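Student: I should like to learn how to read a protein structure feature by feature. May we begin with a single residue and then widen the view?

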Amino acid sequence: MRFIKFQGFGNDYIIFEAGEVAAVERFDEFVRAICDRHYGAGADGIVTLSRAERAAGADFVAHIFNADGSEAGLSGNGTRCAAAYLHYTGLWSRAELRLQTQTGVKLYSLRERTGDGHYWFDSELGQPRFDSASIPMLTDTLMERVVSYPLVAGGETWPITALSIGNPHCLIFVNDFEAVDWRRAGGMIESHPRFPERINVTFIRVLDRDNIEIRIWERGVGETLSSGTCSCAAAIASIVNGKTERRVHVATPGGRIQVVWREDGEVVLTGRADIAYSGQWLGSQSAR
């Protein structure tokens, strides 16, 4: 099974054409095996690509899987890596690409290609949803917006903002990452009973009206260097809480991403995707 691995700001994905993995029976076990960083190829997730039917309004269909084998509705970095794969392999050459995901068709516009395997894209990832049912989040009564909600976890109360941008996100503002055991808190909150589908947890430090810094605990993965939808959710949370303007530069441990929440409601992420290596999977199709 042939693949190419790309990374976006250190958030790495293995890209397969769907036909390469069509014979895999226990796909969740296969994903866990190949994403394992000691026994497998190592990645935060994989994306499979297939041609879309003309009536779908998309060029290709992308299925995204987290490292634990669960399927994700959307990944900003994963789909950008998939777009880079299509350009790199010559399967696509136009400036605009439409990918069908579980959360709808997303538009990727190629801004720059440098060298062989290095790309910058503008990615239109959809419009955020704020009501508790759409996240989804279990609250005593339906909430139109979840802002400064007192979530109790691990014996502490965390004022959270929650929203959906293809995936569920929980956002927490902090003054100092070192003063918070954010990895422990992220792991607890990810599987909190308030979130029936689990949730991505992002900790935000606001630097000024145009810049924030984040730390990420990704659903089904754990700590990651970067995440496209987490970066978007962090920017949106900063905007709705009145802390930043609508164009936000998001500093992640893996690099700096720009997010714009347009007046029409669309969220646009600008970021890069870089080739890491290509290979052929010769291992088993099950996890250890």
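Student: Which residues is Ser-164 in contact with, leaving aside its neighbours within four places in sequence?

Tutor: Please bear in mind that this is a predicted model. A contact is counted when heavy atoms lie within 4.5 Å. By that criterion, and with neighbours within four places in sequence set aside, Ser-164 touches Gln-127, Pro-128, Arg-129, Ser-134 and Ile-135.

Student: Where does Ser-164 lie, and does it count as buried or exposed?

Tutor: Ser-164 belongs to strand β10, which covers residues 156–164. To judge burial, one compares the relative accessible area with a cut-off: buried means under 20%. Ser-164 has a relative accessibility of 10%, and therefore counts as buried. For the protein as a whole, 55% of the 288 residues count as buried.

Student: How should I read the two faces of a strand such as β15?

Tutor: One asks which residues are on the covered face and which are on the uncovered one. In β15, residues 247–252, the covered face consists of Val-248, Val-250 and Thr-252. Arg-247, His-249 and Ala-251 make up the uncovered face.

Student: Which strands pair with β15, and in what sense?

Tutor: To read pairing, one looks at the bridges and at the sense in which the strands run. Strand β13, residues 211–218, pairs with β15 in the parallel sense over three bridges. One example is Glu-213, whose bridge partner in β15 is Ala-251. Strand β16, residues 255–261, runs antiparallel to β15, and six bridges join the two. Here Val-250 has Ile-257 of β16 as its bridge partner. Furthermore, β15 and β16 form a hairpin, with two residues between them.

Student: How many helices and strands does the protein have?

Tutor: The secondary structure comprises four helices and 17 strands.

Student: What does the radius of gyration tell us about the protein?

Tutor: The value is set beside the one expected for a compact globule. For 288 residues that expectation is near 19 Å, and the protein has 18 Å, so the two agree. The C-alpha atoms fill a box of roughly 45 × 40 × 35 Å along the principal axes.

Student: What share of the contacts joins residues 24 or more positions apart?

Tutor: Among contacts with a separation of 6 or more, such pairs account for 61%.

Student: Finally, how are the charged side chains distributed?

Tutor: One counts each sign and compares the centres of the two sets. There are 30 positive and 36 negative side chains, with centres 2 Å apart.

How values were computed: Residues are numbered from 1 along each chain as its sequence is written. This is a predicted model: local features need pLDDT of at least 70, side-chain atom pairs count only at pLDDT 80 or more; totals for chains, interfaces and linings use all residues. Side-chain values use heavy atoms; hydrogens and water are left out. Buried means under 20% relative accessible area, exposed over 50%, partly exposed in between (1.4 Å probe, protein chains only). Two strands pair if DSSP finds at least two bridges between them. The radius of gyration is taken over C-alpha atoms; the globule rule is 2.2 Å times the number of residues to the power 0.38. Lys and Arg count as positive and Asp and Glu as negative; His and the chain ends are not counted. The place of a charge is taken as NZ of Lys, CZ of Arg, CG of Asp or CD of Glu.
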